[in-house]
Amino acid sequence: MQSESLVQRVTTKMALKVAILTGIVAAAQAIAVGYPAPIAAYRPAYPAVAKIAAPYDPNPQYSYSYAVADAVTGDNKSQQESRSGDVVTGSYSLIEPDGTQRVVEYTADPVNGFNAVVHRGAVAAKVVAPVAKIAAPYAAHPLAHPLAHPLAHPYGHPILG
């Protein structure tokens, strides 16, 4: 009889705990209903903005150029390009590391695509030495040589006399 009452008491306590937990979950869900959706789902209502199409230019045109001539670093290059409608023409030049000049002339159009012609010129400038110096090789300390120090001998100390 006592074992039955123990089982009944444990079962009653478990049922009470389950009922309390169920009530807490139900209350939490009821409270959560009144709050807005999570931030990831929140989308603010912005006023409608009319998209205005950019004006279309049936015959676009531009032209630009630049040049660099730095005597300190030896940097010497230039470029120019122009466009009229669908045709682009231009060229650029630079000094190669060996001192020769490379000139590239190019055109691009809808019929022929992109075409470039590369010209290599004679030595255009004196090649500038690199700015960074290379460190001299490391010379080992004299004590690093096994015969330079008497303690380095594997068989003991030499007899001094």
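**Salt bridges and burial in a predicted model**

Read along its sequence, the protein chain of this predicted model follows the pattern α-β-β-β-β-β, having one helix and five strands.

Colleague: What makes the pair Asp75 and Lys77 a salt bridge?

Modeller: The closest N and O atoms of Asp75 and Lys77 are 3.6 Å apart, and because a salt bridge asks for a side-chain nitrogen of Lys or Arg within 4 Å of a carboxyl oxygen of Asp or Glu, the pair qualifies. As background, side chains of opposite charge can pair when their charged atoms come close.

Colleague: Why are Asp75 and Lys77 called partly exposed?

Modeller: Asp75 has a relative accessibility of 31% and Lys77 has a relative accessible area of 32%; since buried means under 20% and exposed means over 50%, both values fall in between, and therefore both residues count as partly exposed.

Colleague: How do you know that Asp86 and Arg83 form a salt bridge, and which accessibility class does each belong to?

Modeller: Their closest N and O atoms are 3.9 Å apart, which is within the 4 Å cut-off, so the pair is counted as a salt bridge. Asp86, with a relative accessible area of 51%, is exposed because this value is over 50%, whereas Arg83, at 28% relative accessibility, counts as partly exposed because 28% lies between the two limits.

Colleague: What makes Glu96 buried, while its partner Arg102 is called partly exposed?

Modeller: The two residues form a salt bridge in which the closest N and O atoms are 2.8 Å apart. Salt bridges that share partners join Glu96, Arg102 and Arg120 into one network. Glu96 has a relative accessible area of 16%, and because this is under 20% the residue is buried; Arg102 has 23%, which is neither under 20% nor over 50%, so Arg102 is partly exposed. By the rule for salt bridges, the count comes to four.

Colleague: Why is Thr100 called buried, and what makes its link to Asp98 a polar contact?

Modeller: Thr100, which is placed in strand β4 (residues 100-109), has a relative accessibility of 16%, and because that is under 20% Thr100 counts as buried. The side chains of Thr100 and Asp98 are joined at 2.8 Å, a distance within the 3.5 Å cut-off, and therefore the link satisfies the distance part of the rule for a polar contact.

Colleague: How many of the residues in the protein chain count as buried?

Modeller: Of the 161 residues of the protein chain, 8% count as buried. The chain exposes about 14300 Å², with carbon and sulfur atoms supplying 65% of that area.

Definitions and conventions: Residues numbered from 1 in each chain as written. Predicted model: local features only at pLDDT ≥ 70, side-chain atom pairs only at ≥ 80, totals over all residues. Heavy atoms only, no water. Buried < 20%, exposed > 50% of the residue type's maximum accessible area, 1.4 Å probe, protein only. Helix = DSSP H or I, 4+ residues; strand = E, 2+ residues; numbered from the N terminus. Polar contact = N/O pair within 3.5 Å; in protein donor to acceptor, adjacent residues only side chain to side chain. Areas by Shrake-Rupley, 256 points an atom, 1.4 Å probe, with all protein chains shown as cover.
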